[in-house]
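Hi,

Here is the structure I promised to pass on to you. Have a look at it first, and then read on for what turned up in it.

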Amino acid sequence: MMKKTMTAVMIVAALTGCARQNATTGEEETNTATKSAIGGAIAGALIGASTGKKNGAVFGALGGAAIGGGIGHYFDRQEEALRKELTDSGVQVKRVGENELQLVMAKGIGFQTAGYNLSSDIYSSLNSVAKVLNEYPDSSLRIIGHTDSVGSAQSNLTLSEERAESVSEYLNKRGIKSGRLSTRGYGERRPIASNETASGRSANRRVEISITAN
């Protein structure tokens, strides 16, 4: 059974194998569609082989590859669209694993100390994000708020949640359905810079946005 399974997966790999260039390193890497197709092929081949039917592993692999590759292709196209839309916006689209994109903003999404209203200079970037995600409705956004260390830990936790909600509400008004949006606040627990300096505290007052496949 193992031989048939491996043969089936090799067929799928040959049919789907393609690469893309990593935007950060410039190196060639296998795209998500191909990796998802191969993962689906392995699962499908094992199921197909277990039935004992002739060529069960091959047909199972092809079926699994079709499902996995479809999801991967959708996610790859979404990533490409985001990169294109956010060119020269100061926002990087970072791949995290196979099925997650993180929007990395050069200055984060800024807030004043103790404030949760969005800075107007981020509207354009969020509008671009909303534009693409409205074209790709089969993905979800995880919006996480953070604060500096000024104030009590409890008040900062509440504030971070309010900051995440501010972004969520803005995107919702731009057409992204509320069911695709989730929020969470971490307060002051996850700083990315020192809270001993004004610039460090400014960097820590932020919201991070991750996009995942449904």
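Strands β4 (residues 100-105) and β7 (residues 206-213) run antiparallel and are joined by 4 bridges. Within that pairing, Leu103 stands opposite Ile209 of β7. Please keep in mind that this is a predicted model, so everything below describes a prediction.

Both strands belong to an open sheet of 5 strands, ordered β3-β4-β7-β5-β6, with mixed pairing. Which strands stand at the edges? They are β3 (91-95) and β6 (181-185); each has a single partner strand, so one side of each is left without a neighbour in the sheet. On average, neighbouring strands here are turned by 25° against each other, ignoring direction. Helix α5 (residues 153-173) packs on this sheet and touches β5, β6 and β7. The direction of α5 makes about 160° with that of β6.

A residue worth opening in your viewer is Ile143, found in strand β5 (residues 139-146). Is Ile143 buried or exposed? Its relative accessibility is 0%, so Ile143 counts as buried, the cut-off being under 20%. Leaving aside residues up to four places away in sequence, Ile143 touches Ala164, Val167, Ser168 and Leu171, and also Leu181, Ser182, Thr183, Arg184, Val207 and Glu208. One of these contacts, Leu181, is 38 residues away from Ile143 along the chain, yet their C-alpha atoms are separated by 7.4 Å.

Now to the charged side chains. The structure holds 7 salt bridges, and here are some of them.

- Glu85 pairs with Lys131, with the closest N and O atoms 3.5 Å apart. This pair links distant parts of the chain, since Glu85 lies in helix α3 (residues 56-85) and Lys131 in helix α4 (residues 123-135), 46 residues apart. Glu85 counts as partly exposed at 28% relative accessibility, and Lys131 counts as partly exposed at 44%.
- Glu100 forms a salt bridge with Arg142, where the closest N and O atoms are 3.0 Å apart. It too links distant parts of the chain: Glu100 is in strand β4 and Arg142 in strand β5, 42 residues apart. Glu100 is buried, with a relative accessible area of 17%, while Arg142 counts as partly exposed at 33% relative accessibility.
- Glu208 forms a salt bridge with Arg206, the closest N and O atoms lying 3.2 Å apart. Arg206 is buried, at a relative accessible area of 4%, whereas Glu208 counts as partly exposed at 25% relative accessibility. Glu208 is also among the contacts of Ile143.

Beyond single pairs, a network of salt bridges links Asp76, Glu79, Arg83 and Arg95.

Finally, a quick geometry check on helix α4. How far apart are the end C-alpha atoms of α4? They are 19 Å apart, and at 1.5 Å a residue the 13 residues of α4 should span 18 Å, which agrees. The buried residues in α4 include Ser125, Leu126, Ser128, Val129, Ala130, Val132 and Leu133. As background, an α-helix has 3.6 residues a turn, so residues three or four places apart point the same way. Lys131 of the salt bridge with Glu85 sits in this helix as well, and counts as partly exposed.

Happy to talk any of this through once you have had a look.

Best wishes

Note on methods:
Residues are numbered from 1 along each chain as its sequence is written. This is a predicted model: local features need pLDDT of at least 70, side-chain atom pairs count only at pLDDT 80 or more; totals for chains, interfaces and linings use all residues. Side-chain values use heavy atoms; hydrogens and water are left out. Helices (H or I, at least four residues) and strands (E, at least two) are DSSP runs, numbered from the N terminus. Buried means under 20% relative accessible area, exposed over 50%, partly exposed in between (1.4 Å probe, protein chains only). Contact means heavy atoms within 4.5 Å. Two strands pair if DSSP finds at least two bridges between them. Axes are lines fitted to C-alpha atoms, for helices over the stretch in contact, and angles run from 0 to 180 degrees between N-to-C directions. A salt bridge is a side-chain nitrogen of Lys or Arg within 4 Å of a carboxyl oxygen of Asp or Glu. The expected span of a helix is 1.5 Å times one less than its number of residues.
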